[in-house]
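Colleague: Before I take this model to the bench, I would like to hear what stands behind the words used for it. Could we go through them one at a time?

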Amino acid sequence: MLGIKKVFQLDDGRQIEIETGKLAKQADGSAVVRMGNTMILATVCAKKEVGENVDFMPLTVDYQEKYYATGKFPGGFFKREARPSEYEILISRLIDRALRPLFPDDFHAEVQVQVTLVSGDSTIPPDALAALAASSALAVSDIPFNGPVSECRVAYIDNQFVINPTFEQMERADLDLIVAATEDNIMMVEGEMKEVSEDLMLEALKQAHASIKLHCKALNELTQMVGKTQKREYCHEENDLDLKAQLHEAVYRKCYDFAHKGIKNKAERAEGFENIKQEFISTLTPEEAEEKAFMIDRYFHDTEKEAMRDMVLNERVRLDGRKLDEIRPIWAEVDCLPTPHGSAIFTRGETQSLSTCTLGTKLDEQVIDGAMIEGKNNFILHYNFPGFATGEVKRAGSTSRREIGHGNLAMRALKQVLPSQEECPYTIRLVSDILESNGSSSMATVCAGTLALMDAGVKISKPVSGIAMGLIAKDGKWAVLSDILGDEDHLGDMDFKVTGTRDGITACQMDIKCDGLSYEILSQALAQAKQGRMHILNIIEQTIPEPRADYKPHVPRITKMMVPKEFIGAIIGPQGKVIQEMQKDTNCIITIEEVGDNGIVEISSVDKAGVEAAVARIKAIIAVPEIGEEYEGTVKNLQAFGAFVEFLPGKDGLLHISEISWKRVEKVEDVLKVGDKIRVKLIDIDKKTGKFKLSHRVLLPKPEGHAERPARPAPANRPVKKTEN
């Protein structure tokens with residue numbers, strides 16, 4: 001059975017095809033988006049009824065890449081797709097953040113969106129098409145949704161903007177943004193940049209929005225084609241308009257005046273607003289208060305939000321008394337923990353990050369084995385947000401999607417300033433433990449991460465700072481807020497995180513909760529963010545002006561050697577015996593990576609003498625024996641006619657009995673035994689057999705009047721034990 005197709009063309013001539021009515025027809029909506037050979041199936045289902053006392057949007061978004069999409073087997077014992085990778089979780093978040101603000105405020109039915117990569121084109125990244133697929137499924141369903149919405153990637157490559165570039169093109173990008181938008185408004189932005197200007201970023205958003213408008217037009221036409229312009233009716237909220245008006249009349253002014261007091265402590269503010277609510281509840285009968293408790297909470301939240309927003313717009317001051325562009329007090333400290341390789345505390349207001357830096361070897365690299373992306377990662381940043389950071393009792397579980405997303409944003413911000421592998425041969429892991437939180441904890445992670453890197457002696461090119469910007473807009477009035485509080489994020493219209501150096505932006509993340517965000521407001525937000533970043537950078541540089549000149553004493557030192565490819569096997573040895581013995585004897589970690597015609601040997605240890613010993617042994621293994629060179633050898637085998645001496649690892653030579661001493665030696669065992677160390681000189685290499693001839697006596701003073709005697713041949717009637725050279 002053939003479905004309904006909508007095909008539209010991008011400005012560069014490439015086509016995107018959306019098909020519905022062919023696959024997964026029992027879902028409320030399903031669609032397949034195709035670009036090149038990349039195909040994404042999206043489905044959406046929504047419950048008809050809602051749970052009791054639900055006043056939020058219970059949306060679940062899952063993105064999964066099937067390994068069969070690229071003709072691969074999943075790794076692991078079970079050989080099947082398991083829990084989502086961090087990459088899949090990050091794409092799920094991108095889709096969620098594009099969709100969630102566009103469901104009606106009073107629609108509370110549980111909605112599940114599942115997006116699956118079913119065919120992967122090695123040139124076309126699927127993440128830029130995933131939200132289009134999800135929005136397509138919603139467009140052909142009867143689920144209420146204020147869309148359509150779509151996403152695209154915009155990159156700045158070779159001084160020009162490219163929409164949805166290939167994997168190969170992205171490697172050369174100076175700017176890489178994923179942008180979500182409706183026909184009228186930008187809804188979400190996330191990406192990384194190589195210190196670009198605010199003007200370039202704004203132009204990138206305009207380029208992306210122009211392309212997304214083509215997507216939205218096609219989705220509107222698809223909705224018409226399938227006849228889904230009429231959405232289902234619903235009634236998910238029980239209201240008491242008289243109670244709502246009564247509560248608003250009683251508490252609006254009190255909330256406004258209390259918000260205007262400028263109380264800095266989050267707990268005190270929360271207690272003050274709670275007291276206002278309880279004062280109103282005390283005016284009701286106990287039966288009414290109990291019966292309508294859920295509605296009271298909802299109406300009070302709405303009134304508190306309205307009062308706070310009006311106060312900021314009218315008075316131009318904030319909940320904690322700050323000016324619109326004022327940054328909270330900051331203190332920072334480095335080297336606060338004695339044993340990590342680098343450590344720092346960054347505290348801004350009531351938000352605090354304890355960050356540490358650990359330097360490891362190639363063995364510590366993160367292995368990435370996905371359906372579309374595979375390889376290794378030598379810079380890792382982990383962000384942890386325990387319950388105590390907000391004074392809550394919260395069960396410790398697996399890493400949340402939010403933690404993964406915040407860690408990824410901070411990682412993208414900092415990776416732009418890391419030194420090259422030649423300058424810093426380490427695998428780097430940063431960990432940010434949020435100890436307190438009242439807004440902008442991901443940006444505190446960026447600042448603390450910068451400090452921890454410099455404390456560890458990592459030669460970053462420039463310090464990076466981050467700031468979260470907010471927005472309150474109503475009836476044509478607006479206010480851009482610098483360094484937002486948690487309440488300002490929750491009650492405001494925008495959360496715009498910007499990170500960068502003194503020379504430009506390195507990463508950003510923006511979520512919009514209102515309609516009609518103009519480029520004038522975006523420009524003001526970027527300018528205000530730059531001003532705030534510079535202020536924070538001043539404090540970072542006062543704390544530690546530049547990276548430490550050297551790593552700390554307990555940081556493992558890494559030495560790299562390049563060896564000819566043919567010697568890799570000799571260094572490793574049979575079943576790894578040689579390299580394992582070398583690591584045990586020298587207390588070093590040794591890794592070998594084949595690069596072209598050479599091998600890169602990396603030797604790591606906190607013991608400098610151990611590194612030097614390992615280097616010497618590897619040099620000995622790869623050394624080419626030269627006639628006339630002297631060596632420290634070990635006696636390996638004794639024969640009647642001489643001794644076989646290992647003068648280089650894996651290389652034995654014959655020390656004839658006549659070459660042991662200037663004096664006549666009757667029996668070899670009289671002067672040598674197996675295991676003896678002896679200094680020898682390579683005096684000849686047999687051209688036919690390649691066997692080595694050694695001498696010890698040439699290194700000894702020659703007695704006066706010494707007369708040479710003919711060398712004794714090996715007895716003909718005695719078998720000779722052969723030892724390979």
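The conversation below takes up the terms in turn and sets each value against its definition.

Modeller: This is a predicted model, in which local features need pLDDT of at least 70 and side-chain atom pairs count only at pLDDT 80 or more, while totals for chains, interfaces and linings use all residues. Residues are numbered from 1 along each chain as its sequence is written, and side-chain values use heavy atoms, with hydrogens and water left out.

Colleague: What makes the contact of Asp62 and Arg401 a salt bridge?

Modeller: A salt bridge is a side-chain nitrogen of Lys or Arg within 4 Å of a carboxyl oxygen of Asp or Glu. The side chains of Asp62 and Arg401 meet at 2.6 Å, N to O, so the pair satisfies that definition. Asp62 belongs to strand β5 and Arg401 to helix α9 (residues 401-415), so this salt bridge ties together parts that are 339 residues apart in sequence. Helices (H or I, at least four residues) and strands (E, at least two) are DSSP runs, numbered from the N terminus. By the salt-bridge rule the count comes to 54.

Colleague: Why is Asp62 called partly exposed?

Modeller: Buried means under 20% relative accessible area, exposed means over 50%, and partly exposed lies in between, with a 1.4 Å probe and protein chains only. Asp62 has 27% relative accessibility and therefore counts as partly exposed, and Arg401, at 30%, also counts as partly exposed.

Colleague: How do you know whether Asp310 is buried or exposed?

Modeller: Its relative accessibility is 11%, so Asp310 counts as buried. Asp310 forms a salt bridge with Lys474, the closest N and O atoms being 2.8 Å apart. This pair links distant parts of the chain, with Asp310 in helix α8 (residues 293-315) and Lys474 in strand β18 (residues 465-474), 164 residues apart. Lys474, at 28% relative accessibility, counts as partly exposed.

Colleague: What can be said about the burial of Asp320 and Arg322, whose side chains meet in a salt bridge?

Modeller: Their N to O distance is 2.7 Å; Asp320 counts as buried at 3% relative accessibility, and Arg322 is buried with a relative accessible area of 2%. Elsewhere, salt bridges that share partners join Arg97, Glu190, Glu192, Arg412, Lys415 and Asp511 into one network.

Colleague: Why is Glu238 called exposed?

Modeller: Glu238 has a relative accessible area of 62% and is therefore exposed. Glu238 is placed in the loop between α4 (198-226) and α5 (241-259).

Colleague: Which residues form the negative surface patch with Glu238?

Modeller: The negative surface patch is formed by Glu238, Glu287, Glu290 and Glu291. Patches are made of residues with over 30% relative accessible area and no salt bridge, like charges being joined within 9 Å and nonpolar side chains (Val, Leu, Ile, Met, Phe, Trp, Tyr) within 5 Å.

Colleague: How do you know that β1 and β2 pair?

Modeller: Two strands pair if DSSP finds at least two bridges between them. Strand β1 (residues 4-9) and strand β2 (residues 15-20) have six bridges, in the antiparallel sense, so they pair by that rule. Gln9 stands opposite Gln15 in β2. In this hairpin, which has five residues between the strands, Gly13 takes a positive phi near 95 degrees.

Colleague: What is notable about phi of Asn53?

Modeller: Phi of Asn53 is near 55 degrees, a positive value in a residue other than glycine. Asn53 lies in the loop between β4 (38-46) and β5 (59-65), and its relative accessible area of 46% makes Asn53 partly exposed.

Terms used: Areas by Shrake-Rupley, 256 points an atom, 1.4 Å probe, with all protein chains shown as cover. Lys, Arg positive; Asp, Glu negative; His and termini not counted. Charge placed at Lys NZ, Arg CZ, Asp CG, Glu CD.
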